[in-house]
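Subject: Structure for you to look through

Hello,

Here is the structure I promised to pass on to you. Please open it beside this message and follow along as you read.

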Amino acid sequence: MMTTRAVVRGVGHYLPERIVPNSWFEDKIETSDEWIKSRSGIERRRFAADGETTSQMAAKAASNVLDMAGFQADDIDAIIVATSTPDLTFPSAATMVQAELGMTRGFAFDIQAVCAGFVFALSQANALILSGQAERVIVIGAETFSRILDWEDRGTCVLFGDGAGALILEASNGDGSNADRGILATDLHSDGRHRDILYVDGGVSTQSTGTLQMQGKEVFRHAVEKLVKTAHTSLAKLGLQGDDIDWLVPHQANLRIIKSTAQKMGVEMARVIVTVQDHGNTSAASIPLALSTGVAEGRITTGDLVVTEAIGGGLAWGSVILRW
Ligand code: UT7
């Protein structure tokens, strides 16, 4: 049966210039390259320059994908930016991106689901396209987590980085089968009862900026269990299993979480895109950065079945399956 699909037309990214190796932390806090690498898989991360903002990085990632896909800004109907670190309380980072791109039509808004933000944004972009509200959507994940870190908390400050990734989805006709290109299944969840294991202890209505607070072990425990479950739920909607996946593109928080999730799903590491060693945890930006890296390296190619999954503060988590 003929059906509308949201098909990827391109993916791109932007990373700030400054590369910060693990050794940078060694004379600031009691830590070591060895501890960070062995507990998280992270070797380096990027930090935005002084004054460099989330919307600026998001706009650069968006320009990159527009060039790659051969579209002009005014070919786009909607921009969604997934971020927990917008430049200002309002307007949204997405409207800033819209202005920066010179886009004079359509609409733009932000989504805040922390590290699961990109998966939530993909799902909402898919809904806009399937309901006929938009034909082409730029979906961006962009973060400056370096602005909300407690530099004295060694359990968190070594884990995060800054960056932005973007992809373009376009409405296209499919036959309704799993062979169609585009988004094939989505699965989203949140459970606010766990809000105090990963949060920022400040915000607008408390009149402070705050810093990131995390009970790492607790988040880790929820992560593996919930990520495997959501990926299986999305696969089950299509009658598929771990074996059918060409590429698992997980949220890049911790290599041990990634390995454990992949193993429980029956996906060998050769079919997992891993960028956490170079980017650290870039929250909502991590999946589009990993997708962009996977495509640039010639690993993810047209027709591949790609499973993305992520979890973060809230807790909020979910998965999206798409055929590239
Ligand atoms: O993106 C959102 C989702 N976030 C995540 O998925 C993060 C999930 N959690 C994790 O990735 C891991 O829990 C961490 C990487 C944060 C920590 O790894 P862990 O194996 O759970 O270590 P831990 O927190 O249990 O700490 C073990 C030890 C502690 O020392 P004691 O109490 O055993 O003496 C910590 O104080 O390691 C110590 N430690 C450090 N040592 C050196 C914690 N941070 C550091 C550090 N350097 N940076």
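Below I go through the two sheets and then the ligand.

Please keep in mind that this is a predicted model, in which local features need pLDDT of at least 70 and side-chain atom pairs count only at pLDDT 80 or more, while totals for chains, interfaces and linings use all residues. Residues are numbered from 1 along each chain as its sequence is written, and side-chain values use heavy atoms, with hydrogens and water left out.

One open sheet is built from five strands in the order E1-E7-E6-E4-E5, with mixed pairing; strands here are DSSP runs (E, at least two residues) and helices likewise (H or I, at least four), numbered from the N terminus, and two strands pair if DSSP finds at least two bridges between them. Strand E1 (3–14) and strand E5 (107–111) are at the edges with a single partner strand each, so one side of each has no neighbour in the sheet. Within this sheet, strand E4 (residues 78–82) runs parallel to strand E6 (residues 136–144), and five bridges pair them; Val81, for instance, has Ile140 in E6 as its bridge partner.

Another open sheet, also of mixed pairing, has four strands in the order E8-E13-E12-E11. Its edges are strand E8 (182–190) and strand E11 (247–250), each with a single partner strand, so one side of each is left without a neighbour in the sheet. Strands E12 (residues 305–312) and E13 (residues 316–323) run antiparallel and are joined by eight bridges, and Val307 finds its bridge partner in Ile321 of E13.

Turning to the ligand, 22 residues surround it, of which the closest are Thr31, Arg39, Lys217, Asn254 and Asn281; a residue counts as near if one of its heavy atoms lies within 4 Å. By class, this shell holds 11 nonpolar, six polar and five charged residues (Ala, Val, Leu, Ile, Met, Phe, Trp, Tyr, Cys and Pro count as nonpolar, Asp, Glu, Lys and Arg as charged, and the others, Gly among them, as polar). An oxygen atom of the ligand lies 2.6 Å from a side-chain N or O atom of Asn281, while polar side-chain atoms of His251 and of Arg256 each lie 2.9 Å from a ligand oxygen atom. Helix H5 (216–237) is among the elements that give two or more residues to the shell, and the largest share, four residues, comes from H5.

Best wishes

How values were computed. Polar contact = N/O pair within 3.5 Å; in protein donor to acceptor, adjacent residues only side chain to side chain.
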